[in-house]
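Colleague: Could you take me through one spot in this model in some detail? I'd like to hear what sits around a single charged side chain, and then how that spot ties into the rest of the fold.

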Amino acid sequence: MLVLYILNKVNTAKQLEFNVGLPKNISLKGGQISFDLPLNTQNVSSGSVNVKSADFDVLSAGKFLGKALVLQPTTITPKGQTTLPVRVTISYFDLLSAAGSIVNLFKSGKIGLTLDGLVYAEGFQVPVKQSFEFDYKQIL
């Protein structure tokens, strides 16, 4: 019975679909840019998933920019959408290090980012790699 429960939770976690909303609460303090990034999670299964935390690298054009963390435990409801509160932190140094690859993105009016990391749920680690693009004029 325990094995079936575990298999069900693992299967549910693997079926989660992720997409992101627009950045909010942008702050430029202490040598870093930080913002909240809504990570919308679609659960197509009939089971809930309890997310303990998540830890992502933030990349742009393959260059490391910073970290994105979910520090607040959240239950992803069955057959529905739940938004995970992700806090993104990018240091000015990392931003300058990747500046060459980012300049062209700004010229196009869009910023492309990738979240690459792990969601810690139900005692398991679920790998997530999600790329997204947004028009930076929408958030400035």
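Modeller: Sure, let's start with Arg-87, which sits in strand E7, residues 80-91. Keep in mind that this is a predicted model.

Is Arg-87 buried, partly exposed or exposed? With a relative accessible area of 30%, Arg-87 counts as partly exposed, because the buried class stops under 20% and the exposed class begins over 50%. Leaving out residues up to four places away in sequence, Arg-87 touches Asn-25, Ser-27, Ser-34, Phe-35, Asp-36, Lys-67, Ala-68 and Leu-69. Take Leu-69 from that list: 18 residues separate Leu-69 and Arg-87 along the chain, yet their C-alpha atoms are 5.4 Å apart.

Now for the side chain itself. The Arg-87 side chain makes a polar contact with the side chain of Ser-34 at 2.9 Å, and another with the side chain of Asp-36 at 2.8 Å. The Asp-36 pairing also counts as a salt bridge, again 2.8 Å from N to O. Asp-36 belongs to strand E3 (residues 32-43) and Arg-87 to E7, so this pair ties together parts that are 51 residues apart in sequence. Like its partner, Asp-36 is partly exposed, at 25% relative accessible area. As a general point, side chains of opposite charge can pair when their charged atoms come close.

How many salt bridges does a search of the whole structure find? The count is three, and the other two bring us to Lys-67, one of the residues that Arg-87 touches. The Lys-67 side chain meets that of Asp-55 in a salt bridge of 3.0 Å, N to O. Here Lys-67 comes from strand E5 (residues 63-70) and Asp-55 from strand E4 (residues 49-60), so the pair ties together parts 12 residues apart in sequence. Lys-67 also forms a salt bridge with Asp-57, at 2.8 Å from N to O. That second pair again links E5 to E4, with Lys-67 and Asp-57 10 residues apart. Put together, Asp-55, Asp-57 and Lys-67 form a network of salt bridges. Each member of this network is partly exposed: Lys-67 at 32% relative accessible area, Asp-55 at 30% and Asp-57 at 29%.

Back to E3, the strand that carries Asp-36. Nine of its 12 residues are buried, so E3 is largely enclosed by the rest of the structure. What does E3 pair with? E3 and E7 run antiparallel and share 12 bridges, and within that pairing Ile-33 stands opposite Ile-90 of E7. Strand E1 (residues 17-20) pairs with E3 as well, antiparallel over four bridges, with Asn-40 of E3 as the bridge partner of Asn-19. Then there is strand E2 (residues 24-29), which is also antiparallel to E3 over four bridges. In that pairing Leu-28 stands opposite Ile-33. E2 and E3 form a hairpin with two residues between the strands, where Gly-30 takes a positive phi near 60°.

Next, the nonpolar side of things. In soluble globular proteins, nonpolar side chains tend to be buried together. In this model the largest nonpolar core has 30 residues, and those that touch the most other members are Leu-37, Leu-39, Phe-56, Val-58, Val-88, Leu-115 and Val-119. At least two residues of this core come from each of E1, E3, E4, E5, E7, strand E8 (110-121) and strand E9 (124-135).

Leu-115 is a good place to look into that core. Apart from neighbours within four places in sequence, Leu-115 is in contact with Val-20, Leu-37, Leu-39, Phe-56, Asp-57, Val-58, Ala-68, Val-128, Lys-129, Gln-130 and Phe-132. Two names there take us back to where we began: Asp-57 is also part of the salt-bridge network, and Ala-68 is also touched by Arg-87. As for strand pairing, E4 and E8 run antiparallel and are joined by eight bridges, with Leu-115 of E8 as the bridge partner of Val-58.

E8 also pairs with E9, antiparallel over 12 bridges, and there Val-119 stands opposite Val-126 of E9. The hairpin of E8 and E9 has two residues between the strands, and in this hairpin Glu-122 takes a positive phi near 55°.

Technical notes. Residues are numbered from 1 along each chain as its sequence is written. This is a predicted model: local features need pLDDT of at least 70, side-chain atom pairs count only at pLDDT 80 or more; totals for chains, interfaces and linings use all residues. Side-chain values use heavy atoms; hydrogens and water are left out. Buried means under 20% relative accessible area, exposed over 50%, partly exposed in between (1.4 Å probe, protein chains only). Contact means heavy atoms within 4.5 Å. A polar contact is a pair of N or O atoms within 3.5 Å; within protein, one must be able to donate a hydrogen and the other to accept it, and residues adjacent in sequence count only if both atoms are side-chain atoms. A salt bridge is a side-chain nitrogen of Lys or Arg within 4 Å of a carboxyl oxygen of Asp or Glu. Two strands pair if DSSP finds at least two bridges between them. A nonpolar core is a set of buried Ala, Val, Leu, Ile, Met, Phe, Trp, Tyr and Cys residues joined through side-chain atoms within 4.5 Å.
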